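Visitor: Got a model here I'd like to walk through. Can you take me round it?

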Amino acid sequence: MPPVIAAPVPSELRTVFERFYTTEYVTVDGAGQPIAWPVTPYPHDEGRCIDITTGIGYPKKARDAERDPKVALLFSEPHGSGLAEPPMVLVQGTARVDEDDLAANRDRYRREGKIKLPKATEKLPPPALDRFMAWYVDRIYVHVEPQRILVWPKGDIGAQPEIVLDELPAGATPGTVPAVAPDGAPVWEPRIEQLGTTYPTAVLAVVGRDGWPVAGRVEVSADRDAGLVRIAAVPAGIPVAPGRACVTAHRHGPEFEWQRNFQVRGALIETDEGWALAPRKLVGGFEVPESRVAVFSENFKKVRRYRKIAKAELARRKATA
């Protein structure tokens, strides 16, 4: 593990880390595919470490970080933060997975959730039902230690970013995508057409030639006739090239009382009209509608899968204990 940053992160950035309900967490899977999901950030040590968490029933966020600890956190959605014109902040850092004590992690998740996400926490079942909700309440934490921080003041992606921290190995350059096309045939699903309407912006995630993931919030639109998700402009300071990419859309209530999200994975290509994503796969995340009952009815199939995965994860842990 690299050493912890000696100096604290500037206070204005710590405020972003603390006040944002979500950060877009980017990992790279075994095929070199960047995957970005909105998660809740829990900064500590004066911003020198930022924790995120995932349920044991959907551990891929942690498993990808175990395989490749180079991850990114993008702070680009300020809704509900109370901050006026905050910057867009990209953190590239090294991840460490923490799952040694699931019970302690569960207690921490409930405790911190009541503070940061009180409205969302209200929808959690009481602790007496934890044994039935292990897939969700048994938590895996990922500790991210920043090594490079880029800042776009006021979220202006047309301006060159300020480099607040750069402790990456010499020669590492941000944002250049390996020219590796994703597998699979083109796809088009109705939800893609929400890009540009329900979701005027989304997060574009790519992987640099140095292996570090990079991301930025961009204006998007769905071009059904062409079968493409068009990207109006890529943030300055993030040069891109054709290759694997991910576009993630999400939104939430002002107090995080509900949240919706999905992502489109595919091939980033350059067209006569600019950059675009050729979709190969749409993945829906775990969503929280406004009704507590609807949380389970809308996620019924996902919950069945998550419970099966959690059962296998717990059995594996018991076998290796």
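Guide: Sure. One term before we start: two strands count as paired if DSSP finds at least two bridges between them. And keep in mind that this is a predicted model.

Visitor: Fine. In what order do the strands of the closed barrel run?


Guide: The closed barrel has six strands, in the order S9-S10-S11-S14-S13-S12. The pairing is antiparallel. From one strand to the next, the twist averages 45°.

Visitor: What holds strands of a sheet together, in general?

Guide: Strands of a sheet pair through backbone hydrogen bonds, either parallel or antiparallel.

Visitor: Back to this one. How many bridges link S13 and S14?

Guide: There are 10 bridges between S13, residues 259–271, and S14, residues 274–284. That pair is antiparallel. As one example, alanine 267 has alanine 278 in S14 as its bridge partner.

Visitor: New topic. How many cavities of 30 Å³ or more?

Guide: The count is one. The largest cavity holds about 40 Å³ of space.

Visitor: Which residues line the largest cavity?

Guide: Leu204, Val206, Val214, Ala215, Gly216, Val234, Pro235 and Ile238. Strands S9 (201–207) and S10 (213–223) are the elements that each give two or more residues to that lining. S10 has the largest share, with three residues.

Visitor: And how does the lining divide into nonpolar, polar and charged?

Guide: Seven residues are nonpolar, one is polar and none is charged.

Visitor: Cysteines next. How many disulfides?

Guide: Zero.

Visitor: Is cysteine 49 buried or exposed? Same question for cysteine 246.

Guide: Buried means under 20% relative accessible area. Cysteine 49 is at 6%, so it counts as buried. Cysteine 246 is at 0%, so it is buried too.

Key: Residues are numbered from 1 along each chain as its sequence is written. This is a predicted model: local features need pLDDT of at least 70, side-chain atom pairs count only at pLDDT 80 or more; totals for chains, interfaces and linings use all residues. Side-chain values use heavy atoms; hydrogens and water are left out. On a 1 Å grid over the protein atoms alone, a cavity is a set of points where a 1.4 Å probe fits but cannot get out, and a pocket is an open set with protein on both sides within 12 Å along at least five of seven lines; lining residues have an atom within 4 Å of a point. Grid points are joined across faces, edges and corners, and a volume is the space filled by probe spheres set on the points. Helices (H or I, at least four residues) and strands (E, at least two) are DSSP runs, numbered from the N terminus. Ala, Val, Leu, Ile, Met, Phe, Trp, Tyr, Cys and Pro count as nonpolar, Asp, Glu, Lys and Arg as charged, and the others, Gly among them, as polar. A disulfide is a pair of cysteine sulfur atoms within 2.5 Å. Buried means under 20% relative accessible area, exposed over 50%, partly exposed in between (1.4 Å probe, protein chains only). Axes are lines fitted to C-alpha atoms, for helices over the stretch in contact, and angles run from 0 to 180 degrees between N-to-C directions.
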